[in-house]
Amino acid sequence: MQVNENLVKSIIANKIGVSENEITNATKLVADLGADSLDVVEISMALEREYNVTLSEDETAKVVTVGDIIAAINSHLN
């Protein structure tokens with residue numbers, strides 16, 4: 001099973017209030033989208049529920065880009 005990137009982008013867009021068109025794998029959650037640390041945690045939690053995985057605090061702390069969070073989830077799915 002692999003992460004559905006469009007679903008991830010949709011969840012991020014809904015949590016932060018931006019258009020999905022603004023989001024790519026290289027998009028930085030904080031610098032580009034204006035997310036704060038609580039937003040990143042909420043996004044992580046929503047994706048954990050969606051994919052039935054648990055990310056450690058260390059993994060969540062290392063998330064900078066959308067691609068980072070996709071990679072973190074994929075590492076638990078494989």
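How much area does the protein expose, and what share of it do carbon and sulfur atoms supply? Hi everyone, let's start there. The exposed area comes to about 4500 Å², and 46% of that is supplied by carbon and sulfur atoms. Please keep in mind that we are looking at a predicted model.

Now the overall fold. There are four helices and zero strands, so if you trace the chain along the sequence you read α-α-α-α.

What about overall dimensions? Along the principal axes, the C-alpha atoms fill a box of roughly 30 × 25 × 20 Å. The radius of gyration is 11 Å, and because a compact globule with 78 residues would have one near 12 Å, the value agrees with that picture.

On to the inside. Of the 78 residues, 42% count as buried. Looking at contacts with a separation of 6 or more, 55% of them come from residues 24 or more positions apart.

A quick word on charge, for those of you who like your ion exchange columns. The protein has 5 positive and 13 negative charges, and the mean positions of those two groups are 2 Å apart.

Let me finish with one residue, Thr65. Where does Thr65 lie? You will find Thr65 in the loop between helix H3, residues 57-61, and helix H4, residues 66-77. Is Thr65 buried or exposed? Its relative accessibility is 15%, and since buried means under 20%, Thr65 counts as buried. And which residues does Thr65 touch, leaving aside neighbours within four places in sequence? Thr65 is in contact with Asn25, Ala26, Thr27 and Lys28.

That's my tour, thanks for listening!

Technical notes: Residues are numbered from 1 along each chain as its sequence is written. This is a predicted model: local features need pLDDT of at least 70, side-chain atom pairs count only at pLDDT 80 or more; totals for chains, interfaces and linings use all residues. Side-chain values use heavy atoms; hydrogens and water are left out. Helices (H or I, at least four residues) and strands (E, at least two) are DSSP runs, numbered from the N terminus. Buried means under 20% relative accessible area, exposed over 50%, partly exposed in between (1.4 Å probe, protein chains only). Contact means heavy atoms within 4.5 Å. The radius of gyration is taken over C-alpha atoms; the globule rule is 2.2 Å times the number of residues to the power 0.38. Accessible areas come from the Shrake-Rupley method with a 1.4 Å probe; for residues, only the protein chains shown count as cover. Lys and Arg count as positive and Asp and Glu as negative; His and the chain ends are not counted. The place of a charge is taken as NZ of Lys, CZ of Arg, CG of Asp or CD of Glu.
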